[in-house]
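Q: Could we go through this structure together? I would like to begin with one helix and then move on to other topics.

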Amino acid sequence: MCNFNESKVIEHVTAYKRILTAIKKEYEDLINHVKRSGTDAKLAQRKLKAAIAQPTSLMYCQRRAVELQERIAIIRRDTAERQAAGTAELQRIEENRKDKQPSAQQTTSDTDTCHPIGQIPGLTFEESVNPAALANYLEVLEKKRADLLDLRKNHYVPVQVKADLDCKVTAALHRRDELVMENDQLHLRLQQLQCVNDAIASWKREEDGPLLEYLSGKLKHIAEMKVSDAVDHSTAGYEDDDPSKINESELVVDSIERFIDLFENGEYEAAAFHAAKSPYGVLKNMATMEKFKAITVYDGEVPPLLLFFQAIMNSVQDEHQLPAKDLSVESVRCALQHNFVELVTHWVTQRRLAYSEALGDVICDHGDKKLRVTDTCLALAQIVYSACGIHRKAALTMCRRGLTFGAIEYIHQNKDFTDDDCMLVLRGCPSLALLQALTQEYKGRRPILSVCYACLTLLNSDLEDLALELLEEINSGRPGSLQKTITEDARCSAKDWYEVANLCFQKNHHQLSQEINGILQYAMCFSPSKDDKLMDHVFM
């Protein structure tokens, strides 16, 4: 429209047509130059963002490359072992086939006088035809036969003996039931006589009327007494006479002595199993763990300390039998030190441990040291933290696994999350995607963090670049995005945004600082208030 009006003016003023045409051309060139400069500035900003994000992308690619190289090495090693095992198995099969082929001399011998034999189990083919080896093997078999006969004679009895014992036990149980019933009746009789005796003694002290009248009410109550009442009143005096009761202290002492004998004899696996099954869990403690931990010389690949922890976890049947928290932490630390990650996974998923924040920290620390199992350790730590109610660390483990939106959903579901908790998660896993998710609406819900609060906190820390990157991203987005972000921020005042603008100016982001100050000045002119809060309706 402007160009059309200028053309009409030039046509009417013929004397200055050349000058006006030149002015119009310079004006159009200036406008085009300004547009090109704006386009070039946006392109330069995008290139700068890509250059800033390149080190982070390179770090993740290098980490992924290390993981893949370790997996390739493991696959190659397993393949080589399987090929070697397969080659050895094929050679063994070929040798067995050659040994089983009869020689020419055996096939031509007289079948009436020679009886060929096959390979004897436990002997090679050469030993099967060697008289001396056969004689030695015969002695071994005879010794085994004698041992089996002795075992049968001393450790086993005929079935009839078991049937006779069952009959005797049944008869003894019947007899015991009869005696129990008779004992209960006698207890009832004793209780009734004691009540009568007490009533007569009370009548003598009071001397209130005839004895029969005084006892009439008492006798009615005594006649209504049952066996259960008598047993309840007399149980305390007869508990020690019950042969089915076992002295608990003696049982504990016997268990401890048995454990000491097994431990001193070097039977660590049996000692560990005995400790796990000890009565009342008297041996499932840190003192017993220290005894196993002190062992440095042992047979086998699994250390005695890990055998002790395995026995304890296998003895857990429900949540009431879980080991103590400190014992759970030590068991996981021991298993991870020996690279038994699968064992820890079984313990955590099957709820064989007492969850605690320290337990989750131990698993996370191991994942930081071993990149090959980092994702597995973070997943296990997330289970532990969630069960303990340590929501900030649970969300942090999800972010470290790359589950950013899953962490945002988790934060929205837990109302106990504070702004400080969110900033802790952001400091533990700093990324622009996480910061944007925390400061934007999610499924119609209000943002978790205020942009001003998040940027102000980050600008006063070592993550200032992340805050500046967020503000630049908002400013370079749709027209009016920064203005909308500032005016709709109901949680922070204009004073806070002025502080953000000053910090941006100190970080050499002058244009961004000017943009924020201009928006604030315009907003404050239209909506001045005592508390400097920006009103949402100013730019609507």
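A: Certainly. The model is a predicted one, and helix H16, residues 374–388, is a suitable start. At 1.5 Å a residue, its 15 residues should span 21 Å, and its end C-alpha atoms are 21 Å apart, which agrees.

Q: Which residues of H16 are buried?

A: The buried residues of H16 are Thr 374, Cys 377, Leu 378, Leu 380, Ala 381, Gln 382, Val 384 and Tyr 385.

Q: And what covers them?

A: The cover over the buried residues of H16 includes three helices: H14 (341–349), H15 (357–369) and H17 (391–400).

Q: What happens just after H16?

A: Gly 389 follows there, with a positive phi of about 80°.

Q: Is Asp 375 buried, exposed or partly exposed?

A: Asp 375 has a relative accessibility of 43%, so it counts as partly exposed.

Q: Which residue does Asp 375 pair with in a salt bridge?

A: Its partner is Arg 401, and the closest N and O atoms are 3.4 Å apart. Asp 375 belongs to helix H16, while Arg 401 sits in the loop between H17 and helix H18 (404–413), so the pair ties together parts that are 26 residues apart in sequence. Arg 401 is partly exposed as well, because its relative accessible area is 29%.

Q: Why can such side chains pair at all?

A: Side chains of opposite charge can pair when their charged atoms come close.

Q: How many salt bridges are there in the whole structure?

A: A search of the whole structure gives twelve.

Q: Where does the salt bridge of Glu 330 lie?

A: Glu 330 and its partner Arg 333 are both in helix H13 (residues 325–337), three residues apart, which is about one turn of the helix. Their closest N and O atoms are 3.0 Å apart. Arg 333 has a relative accessible area of 31% and is therefore partly exposed.

Q: What about Glu 409 and Arg 445?

A: Their side chains meet in a salt bridge with an N to O distance of 4.0 Å. This pair links distant parts of the chain, 36 residues apart: Glu 409 is in helix H18, and Arg 445 is in the loop between helix H20 (432–438) and helix H21 (451–459).

Q: Is Glu 409 buried or exposed?

A: Glu 409 counts as buried, because its relative accessibility of 17% falls under the 20% cut-off. Arg 445, at 34% relative accessibility, counts as partly exposed.

Q: Which residues are joined into one network?

A: Glu 357, Asp 361 and Lys 393 are joined into one network by salt bridges that share partners.

Q: Changing topic: which residues form a nonpolar patch on the surface?

A: Tyr 16, Ile 19 and Ile 23 form one, with about 330 Å² of accessible area together. Ile 23 is placed in helix H2, residues 17–100. With a relative accessibility of 48%, Ile 23 counts as partly exposed.

Q: Now the whole protein: how many helices and strands does it have?

A: The secondary structure comes to 25 helices and zero strands.

Q: How much of the protein is buried?

A: Buried residues make up 28% of the 540 residues. The accessible surface comes to about 37000 Å², and carbon and sulfur atoms account for 54% of that surface.

Q: And what can be said of contacts along the sequence?

A: Among contacts between residues at least 6 apart in sequence, 58% join residues at least 24 apart.

Key:
Residues are numbered from 1 along each chain as its sequence is written. This is a predicted model: local features need pLDDT of at least 70, side-chain atom pairs count only at pLDDT 80 or more; totals for chains, interfaces and linings use all residues. Side-chain values use heavy atoms; hydrogens and water are left out. Helices (H or I, at least four residues) and strands (E, at least two) are DSSP runs, numbered from the N terminus. The expected span of a helix is 1.5 Å times one less than its number of residues. Buried means under 20% relative accessible area, exposed over 50%, partly exposed in between (1.4 Å probe, protein chains only). Contact means heavy atoms within 4.5 Å. Accessible areas come from the Shrake-Rupley method with a 1.4 Å probe; for residues, only the protein chains shown count as cover. Patches are made of residues with over 30% relative accessible area and no salt bridge: like charges are joined within 9 Å, nonpolar side chains (Val, Leu, Ile, Met, Phe, Trp, Tyr) within 5 Å.
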